[in-house]
Amino acid sequence: VATIALLAGCGLAAGGIDSLLGATMQVHFRCIVCESTTERRTHCGAQTVPARGVRWMNNDVVNTICACSGAAFAFLIFWGFA
């Protein structure tokens, strides 16, 4: 039961990192046609312009960091208790 709780905590922590990075650092673009914010480089048939975030940090990068952080948390916790 303790192992399951620790793994669930690692997953929750990784999800928190995903939310934090997605809200603060993930790149968002603005459509020049409809003025909406999107994660895509094209919208309404036109190129979008960067609105905020780090240009190279798209959703795939955020998800990769999230997955790796969850595994790292689990490794550190179990290595620390071994």
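Here is a walk through the structure above, from its overall outline down to a few individual residues. Keep in mind that this is a predicted model.

Let's start with the big picture. The protein chain has two helices and four strands, and if you follow the sequence from start to end, they come in the order α-β-β-β-β-α. So what does the whole thing measure up to in space? Along its principal axes, the C-alpha trace spans about 55 × 20 × 15 Å. The radius of gyration tells a similar story: the protein chain has 17 Å, while a compact globule of 82 residues would come out near 12 Å. As for what is tucked away, 22% of the 82 residues count as buried.

Now move to the strands, beginning with S1, which covers residues 28-31. S1 has two neighbours to look at. On one hand, S1 runs antiparallel to strand S4 (residues 46-52), and four bridges join them. To see that pairing for yourself, find His28, which stands opposite Arg52 in S4. On the other hand, S1 pairs with S2 (37-38), again in the antiparallel sense, over two bridges. Here a handy place to look is Arg30, whose bridge partner in S2 is Thr37.

S1 and S2 form a hairpin with five residues between the strands. One of the residues to look for in that hairpin is Glu35, which takes a positive phi near 65°. Val33 also sits in the loop between S1 and S2. Is Val33 buried or exposed? With a relative accessible area of 53%, Val33 is exposed, because anything over 50% counts as such. Val33 also has company at the surface: together with Ile32 and Val49, Val33 makes a nonpolar patch of about 260 Å².

Finally, head for helix H2, which takes in residues 59-81. How many aromatic pairs does the structure hold? There is one, and its members are Phe75 and Trp79. Their rings are stacked, 6.5 Å from centre to centre, with 10° between the planes. Where the two residues sit in the helix is worth a look too: Phe75 and Trp79 are four residues apart in H2, so about one helical turn separates them. Neither partner is hidden away: Phe75 counts as exposed at 53% relative accessibility, and Trp79 is exposed as well, with a relative accessible area of 61%.

Methods
Residues numbered from 1 in each chain as written. Predicted model: local features only at pLDDT ≥ 70, side-chain atom pairs only at ≥ 80, totals over all residues. Heavy atoms only, no water. Patch = residues over 30% accessible without salt bridge, like charges linked within 9 Å, V, L, I, M, F, W, Y side chains within 5 Å. Areas by Shrake-Rupley, 256 points an atom, 1.4 Å probe, with all protein chains shown as cover. Salt bridge = Lys/Arg side-chain N within 4 Å of Asp/Glu carboxyl O. Buried < 20%, exposed > 50% of the residue type's maximum accessible area, 1.4 Å probe, protein only. Pairing = 2+ DSSP bridges. Phe/Tyr/Trp six-rings, centres within 6.5 Å; stacked < 30°, edge-to-face > 60°. Rg over C-alpha atoms; globule rule 2.2 N^0.38 Å.
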